[in-house]
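The following exercises are meant to be worked with the sequence and the coordinates side by side. Each one sets a task and then gives a solution in steps.

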Amino acid sequence: MNQPLSRSAEQAQDAIDNERLQSSIAALATFGGRPDGGVSRETLTSIDLASRHYLIEQARALGCEVMVDDCANLFFRRAGRRNELPPVLTGSHGDTQPVGGKLDGAYGVVAGLEIIAALNDAGIDTLRPIEVVAWTNEEGSRFGPGTMGSSAFVDPSRLAGYLDAVDQSRVRFGDALQAALDSIPGVPRCEMQRPLSACVELHIEQGPVLERAGIPLGVVTGIQAVRWFTVTCHGAMAHAGTTPMDERRDAMAAAVSLAQKLYGFAATHAADQLRLTLGRWQVSPNSVNTIPGQVEFTVDVRCLDDSVLDRFEAFLRGLAADAGGSVSLERFFQRAPTHFPRPMLDLIQAAAGRACAQAGLPAPMPITSGAFHDAMYLADHCPTAMIFVPSKNGISHNAAEATDPHDLFLGVQALAYTVTALANQET
Ligand SMILES: [Zn+2]
């Protein structure tokens with residue numbers, strides 16, 4: 001990058017207004033704000049729609065053009081000098097878990113608007129337009145799966161498969177989506193899968209790594225691969241009191257033995273950072289005095305190294321094969337690891353490094369993401385990267401979710417530099 005380009009990036013970084021940032025975070029948190037300090041703003045609820053109206057007003061007041069796509073993803077666009085060039089995208093999601101915090105998702109959206117305010121204040125124009133996005137349904141708690149908005153943006157054929165998802169009250173996602181679109185009739189529709197020059201998402205870490213290291217900013221190098229399986233152990237229901245132990249076909253005994261072997265595999269691959277969760281169990285008939293006839297459990301296994309997951313899957317399939325017909329196995333979701341491109345990481349390192357150095361704090365560190373993010377899908381579409389700030393005690397998806405306000409400020413400073421530099425790149 002040449003000198004004039006990095007000078008405007010530095011000016012943008014230095015124009016971030018910490019007080020305005022903190023009050024913007026607090027203002028968005030009033031939509032769904034809870035007495036315990038958390039936020040309940042599940043996707044496309046009336047609270048979420050009210051928060052969207054609020055964001056639209058904020059963006060318009062900053063001079064942005066507002067657009068919405070077919071999945072109700074909201075885009076706030078600050079014009080560049082050459083508006084025919086693909087824009088730089090930043091932002092995150094506006095929805096929360098049933099009980100979430102003020103920062104998961106919201107921080108990235110507010111940060112994007114703060115950058116536009118800072119660019120306006122400093123009188124900086126950029127070559128390319130800059131857009132701030134608020135993705136629809138990242139959390140996946142009301143309608144499954146998560147990251148609907150970003151995954152549909154990069155591949156619009158996915159949207160049709162999401163429309164019939166229903167929430168606990170049997171409301172269809174497609175109907176909630178239409179209501180959301182109908183509630184903003186003055187907002188023009190934009191294309192999904194539009195060309196973007198780059199995407200940067202700022203997010204809380206939601207884990208303990210940065211806080212433990214005492215480092216305020218993380219340069220996210222990638223997102224773990226994940227595979228999900230359902231394991232079903234078949235046995236025979238029988239009387240708990242009358243059936244001798246050596247004459248049982250106990251599905252629970254088989255499932256527990258399998259589970260122990262899987263935990264053993266995870267323990268021997270701890271150095272590879274393999275993460276294993278057997279999170280959902282269904283026991284049939286689930287009766288105190290009947291030997292379980294069938295036990296089904298889910299396997300969520302994650303690692304940055306896909307070859308470790310290949311070995312895990314081979315091990316699991318081997319265990320199922322050894323059991324003959326009494327264990328069946330289905331893989332129902334798979335996602336390869338995301339590796340963010342080197343030039344993006346170098347730019348974020350420079351941006352975050354400058355913010356930390358100016359604050360007299362330790363340099364940023366590389367970190368991998370254990371959680372999915374919208375950026376994971378955007379990485380399929382354009383050069384993408386993420387910046388993390390620490391989470392107090394590693395807590396997220398919880399009303400107690402928190403980050404030191406100064407770390408939040410540094411994160412937005414790093415984002416401002418990165419986005420401005422990208423928006424001034426010719427190619
Ligand atoms: Zn999030």
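**Exercise 1.** Decide whether Ala399 is buried or exposed, and find which residues outside its sequence neighbourhood it touches.

*Solution.* Begin with the accessibility, bearing in mind that the model is a predicted one. Ala399 has a relative accessible area of 15%, and because buried means under 20%, Ala399 is classed as buried. Next, place the residue along the chain: Ala399 belongs to the loop that runs between strand E16 (384–389) and helix H13 (405–423). Then list the contacts, setting aside neighbours within four places in sequence, and the partners that come out are Asp36, Gly37, Gly38, Val99 and Gly100. Finally, compare sequence and space for Gly101: this residue and Ala399 are 298 residues apart in sequence, yet their C-alpha atoms are 4.7 Å apart.

**Exercise 2.** Asp36 has appeared as a contact of Ala399; work out which side chain it meets in a salt bridge, and then set beside this pair the one formed by Asp167 and Arg142.

*Solution.* The general idea is that side chains of opposite charge can pair when their charged atoms come close. For Asp36 the partner is Arg34, with an N to O distance of 3.0 Å. The accessibility of Arg34 is 30%, which counts as partly exposed, and Asp36, at 42%, is likewise counted as partly exposed. Turning to the other pair, the side chains of Asp167 and Arg142 meet at 2.8 Å, N to O. Asp167 lies in the loop between helix H6 (159–162) and helix H7 (173–182), while Arg142 lies in the loop between strand E4 (130–135) and helix H5 (148–154), so this salt bridge ties together parts that are 25 residues apart in sequence. Both ends are buried, Asp167 at 9% relative accessibility and Arg142 at 15%.

**Exercise 3.** Starting from Arg331, find its salt-bridge partner and determine which residues belong to the network joined by shared partners.

*Solution.* The closest N and O atoms of Arg331 and Glu313 are 3.0 Å apart, and the two residues form a salt bridge. Arg331 is in strand E13 and Glu313 in helix H10, so that the pair links parts of the chain 18 residues apart. Their surroundings can be read from the accessibilities: Arg331 is partly exposed at 35%, whereas Glu313 is buried at 8%. Following the shared partners outward gives one network made up of Arg227, Asp306, Asp310, Glu313, Arg317 and Arg331. For the model as a whole, the count by the salt-bridge rule is 23.

**Exercise 4.** Explain what the carboxylate-bearing side chain of Glu205 reaches, given that Glu205 is buried yet has no salt bridge.

*Solution.* First check the charge partner: the nearest side chain of opposite charge is that of Arg275, 7.7 Å away, and because a salt bridge needs the nitrogen and the carboxyl oxygen within 4 Å, this separation does not qualify. Then look at the backbone, where the side chain of Glu205 reaches the nitrogen of Val209 at 2.9 Å and has a polar atom 2.9 Å from the backbone nitrogen of Leu210. The position in the chain is the loop between strand E5 (198–204) and helix H8 (209–213). Beyond four places in sequence, the contacts of Glu205 include Ile367, Phe388, Val389 and Ser391.

**Exercise 5.** Characterise the interface between domain 1 and domain 2.

*Solution.* The assignment gives domain 1 as 3–223 + 338–423 and domain 2 as 225–335. Ten residues from domain 1 and seven residues from domain 2 make the contact, and the C-alpha centres of the domains lie 37 Å apart. The buried area is about 690 Å², with carbon and sulfur atoms giving 57% of it. For polar links, the count is three residue pairs in polar contact, and the rule finds one salt bridge across the interface. On the side of domain 1 that touches domain 2, strand E6 (218–223), strand E14 (338–339) and helix H12 (374–378) each supply at least two residues.

How values were computed:
Residues numbered from 1 in each chain as written. Predicted model: local features only at pLDDT ≥ 70, side-chain atom pairs only at ≥ 80, totals over all residues. Heavy atoms only, no water. Helix = DSSP H or I, 4+ residues; strand = E, 2+ residues; numbered from the N terminus. Buried < 20%, exposed > 50% of the residue type's maximum accessible area, 1.4 Å probe, protein only. Lys, Arg positive; Asp, Glu negative; His and termini not counted. Polar contact = N/O pair within 3.5 Å; in protein donor to acceptor, adjacent residues only side chain to side chain. Contact = heavy atoms within 4.5 Å. Domains from an automatic or database assignment. Buried area = accessible area lost by both parts, 1.4 Å probe.
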